[in-house]
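This report looks at the pockets, cavities, surface patch and salt bridges of the structure shown below.

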Amino acid sequence: MSIKSTLVAALAGTVLLSVTPAHAEFGDTLKKVKERGALACTGHNGSYMGLAEVDDKGNWKGFDIDLCRAVSTAIFGTWEGHVDIKPTSWAQRWPSLQSGELDLVIKSSGWTFSRDTEIRAQFAQPYMMAAIHYMVRKDLNITSAKDLDGGTLCLPTGTTMERYAVEHEAQNGYKLNVVPFEKTEEANAAFLAGRCDAMMEWDLQLGVLRATEAKNPDEFVILPDVLSAEPVGIVMRQGDDNWVDIANWVQTALLLAEQAGVTSENVDEMKANPPTPAIGKLLGATPGMGAPLGLNDDWGYNVIKTVGNYSQIWDRNIGKDSPYKVERGVNALMKNGGILYPLVLD
Amino acid sequence: MTTVSDVNTHPQPLNTGFQPDGLGARLRRRYFRTPGNAMISLVGMAALLYLVYHALDWAVLKAVWASPDGTSAVCRDIAGACWAVIQQRWRIIIFGLFPYDEQWRSMLACIAMVATIVLSCLPWFWKPLRLSTLWCAGFITFYVLMRGGLFGMRVVMPADWGGLTLTVFFYAAGVLIGMPMAVALALLRRSEMPLVSRMTGALIDGVRSLPLITILFTAALIFPFVLPDWLQGDKIWRVIIGFALFFAAYQAEIIRSGIQSIPVGQEEAAKALGLSYWHRTGRIILPQAFRNALPPTINQLVITFKETSLIVIIGFFDILASGNAAYGTGEWSFAYFEVYIFVALVYFVFVFSLSRYGAYLERRMRFGQH
């Protein structure tokens, strides 16, 4: 017994010691991706609705998938044949990133301290806020959280949701009676059956629940109040600043295009007659966007042409053209009252 | 219901003058012997009928079988099962993420692998040469079809394999590699050299004391940090070898129990006749050991088949993950129950066939023993 446990301990120690995360060098990842001819990006082991799903023909689709494709398009000019979506479980994403099996993790991953430091991941500028909202029945005719005062809230016990609700109530001067449930599924089912006035979740999850489990999705609305929000970003290995730059500027291309009204439909016109010098540069009408990143000058044009701008990606996958109908809310551009903004193209 | 007294306490059926005649009489004797008995039978049958009726009502009578337009609109406001989800999404369940236009390859490969398994269950193939030829042919066919790159077929890397095909391949490969390993471990553990037997024992107990998921996780994700590039191979092979090792550790103990149930005299007699170790082991010990250990072996094979679903945690698109992907879209997400029933049926077909084959083997092997 003692021999065995010593052996196991020694084995475990060896494995742990050897697992020091690989450290990427500047420009290393882009070089490797170009050599391989494909970007290795995350999918899901199954389906994560809205972000990574599989269509009838077995092709991936979803918001996170489209971001993978945008990055791949920026590098190769097209994503077809140049993006390798690897089915990845939640537990697997960090080891797979560190071992070099993945070039990017785009998997609704929140930017946390331990991820940033202990597992030495590098986050790009957040591309989305996972915002916690209330969902209520439409026939209650309420428009904000305060109107819920005195109502009931179906909640699974022991999650952070309860804390968010209590904080928001205290700050905004209203009170909800919590109806606790053991499991999330139970709380959701109880809400849909009319047991409570409200439930709370990340707005995408609310949209999914409403679209997929409610008998009539139109009976429910998501209130605009944000109870809490987690920034979600593209994750890379630490150390390769060039790779982080590419992720950040691809995001900026998507947001800047939205801000300037450049879509996949009008991008050719826009390139021919750029409304501003910045758009001209973004679409490669005037040079300067490619070389500093190690890409071609027209990468921005290619991305918008094939994947669309940020709002097109949103609407198609989780917004109004999808079954989930999630509002932009806090994820709108700053000029529309949200918190997303492109970096400055000078 | 048969009462306890007329079966268990009398090893020989009493001659009561009762004629074992028609169905009616038999039913009467078994289920309606006394009024109390009849009551229980009636209530039980009514409950059963009720359940069966409701299940049938849901699964067949009120079910929707196909979707004419490819959407789930046809399943709105129905009280029965929505089998249209299977009609629309079965390809994902069976083939996973395999490229749509190439799925015939996955289909043929799956058939080839299942055929190999079925054929190797036939006694005619139970010769080392025939069996190894069969399995080599089966695996090469499978691998060429799936991976492609030959005869103008497009290359599809194992990361894109999925669905039932992947589950079957994973299982077959794991058992095929694991079974010889198990025999070797069982024999080594019984070695007369203390060092060898202790080390084998430590290995078996060590592997058995780790959860399968840890082994799979390590094989898939930790080894790339530890092993040099040339030794890594594809992720799928590392995982299959980890899976085989886990299977072998359990199966080795089953085989050892089979070996130890053979009277010692047999081996001593064989030694006295001057038979070599390999003769004794191959001709006398192992055949009997396998026969004795058949029920737990089938048990282990069944468990192992179901354990393949754990590979989902390291990002393989096995039948369970692809089932999840099949209903995991806004269009079909309400139909998860139907998808899981379908997946359960697939598992059932495999596991039940395996159990029935085990029963057949037992009958066959007992032949001539008594």
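The second largest pocket of this predicted model has a volume of about 1400 Å³. Its lining is made up of 48 residues, of which A:V83, A:D84, A:I85, B:A159 and B:D160 are the closest to its centre. Four elements give two or more residues to this lining, namely α2 (28–36) and β4 (83–86) of chain A, together with α9 (229–232) and α10 (235–260) of chain B. Among the contributors to the second largest pocket, β4(A) gives the most, with four residues. Divided by class, the residues that line this pocket are 20 nonpolar, twelve polar and 16 charged.

The largest pocket encloses about 1700 Å³ of space, and of the 37 residues in its lining the closest to the centre are B:S120, B:W126, B:L131, B:M179 and B:Y357. At least two lining residues come from each of α4 (103–119), α5 (128–147), α6 (163–189), α12 (277–292), α13 (294–307) and α15 (336–366) of chain B, and α6(B) gives the most, with eight residues. By class, the lining of the largest pocket has 30 nonpolar, five polar and two charged residues.

Enclosed spaces can be considered next. The count comes to four cavities of 30 Å³ or more, and the largest cavity holds about 50 Å³ of space. Residues lining this largest cavity include A:T42, A:G43, A:H44, A:Y48, A:D64, A:W90 and A:K107, and the lining as a whole divides into five nonpolar, four polar and two charged residues.

On the surface, B:L48, B:V52, B:Y53, B:L56, B:V60, B:L61 and B:W65 form a nonpolar patch, with about 730 Å² of accessible area together. One of these residues, B:L61, lies in helix α2 (residues 35–61) of chain B, and B:L61 counts as exposed because its relative accessibility is 58%, above the 50% cut-off for that class.

Side chains of opposite charge can pair when their charged atoms come close. Over all chains, a search of the whole structure finds 19 salt bridges, and three of the pairs are set out in the table.

| Salt bridge | Closest N to O distance |
|---|---|
| B:K235 and A:E101 | 3.4 Å |
| A:R163 and A:E167 | 3.6 Å |
| A:E169 and A:K175 | 3.2 Å |

The pair of B:K235 and A:E101 crosses between chains, running from B:K235 in helix α10 of chain B to A:E101 in the loop between α4 (93–98) and α5 (113–117) of chain A. Both B:K235 and A:E101 are buried.

Within chain A, A:R163 and A:E167 are separated by about one helical turn, because they stand four residues apart in helix α6 (residues 160–172). A:R163 counts as partly exposed at 48% relative accessibility, and A:E167 is likewise partly exposed, with a relative accessible area of 38%. In the salt bridge of A:E169 with A:K175, by contrast, A:E169 counts as buried, since its relative accessibility is 5% and the class takes in values under 20%.

Beyond these pairs, salt bridges also link B:R189, B:D205, B:R208, B:E253 and B:R256 in a network.

Technical notes
Residues are numbered from 1 along each chain as its sequence is written. Chains are lettered from A and ligands numbered from 1 in the order in which they are written. This is a predicted model: local features need pLDDT of at least 70, side-chain atom pairs count only at pLDDT 80 or more; totals for chains, interfaces and linings use all residues. Side-chain values use heavy atoms; hydrogens and water are left out. On a 1 Å grid over the protein atoms alone, a cavity is a set of points where a 1.4 Å probe fits but cannot get out, and a pocket is an open set with protein on both sides within 12 Å along at least five of seven lines; lining residues have an atom within 4 Å of a point. Grid points are joined across faces, edges and corners, and a volume is the space filled by probe spheres set on the points. Ala, Val, Leu, Ile, Met, Phe, Trp, Tyr, Cys and Pro count as nonpolar, Asp, Glu, Lys and Arg as charged, and the others, Gly among them, as polar. Patches are made of residues with over 30% relative accessible area and no salt bridge: like charges are joined within 9 Å, nonpolar side chains (Val, Leu, Ile, Met, Phe, Trp, Tyr) within 5 Å. Accessible areas come from the Shrake-Rupley method with a 1.4 Å probe; for residues, only the protein chains shown count as cover. A salt bridge is a side-chain nitrogen of Lys or Arg within 4 Å of a carboxyl oxygen of Asp or Glu. Buried means under 20% relative accessible area, exposed over 50%, partly exposed in between (1.4 Å probe, protein chains only).
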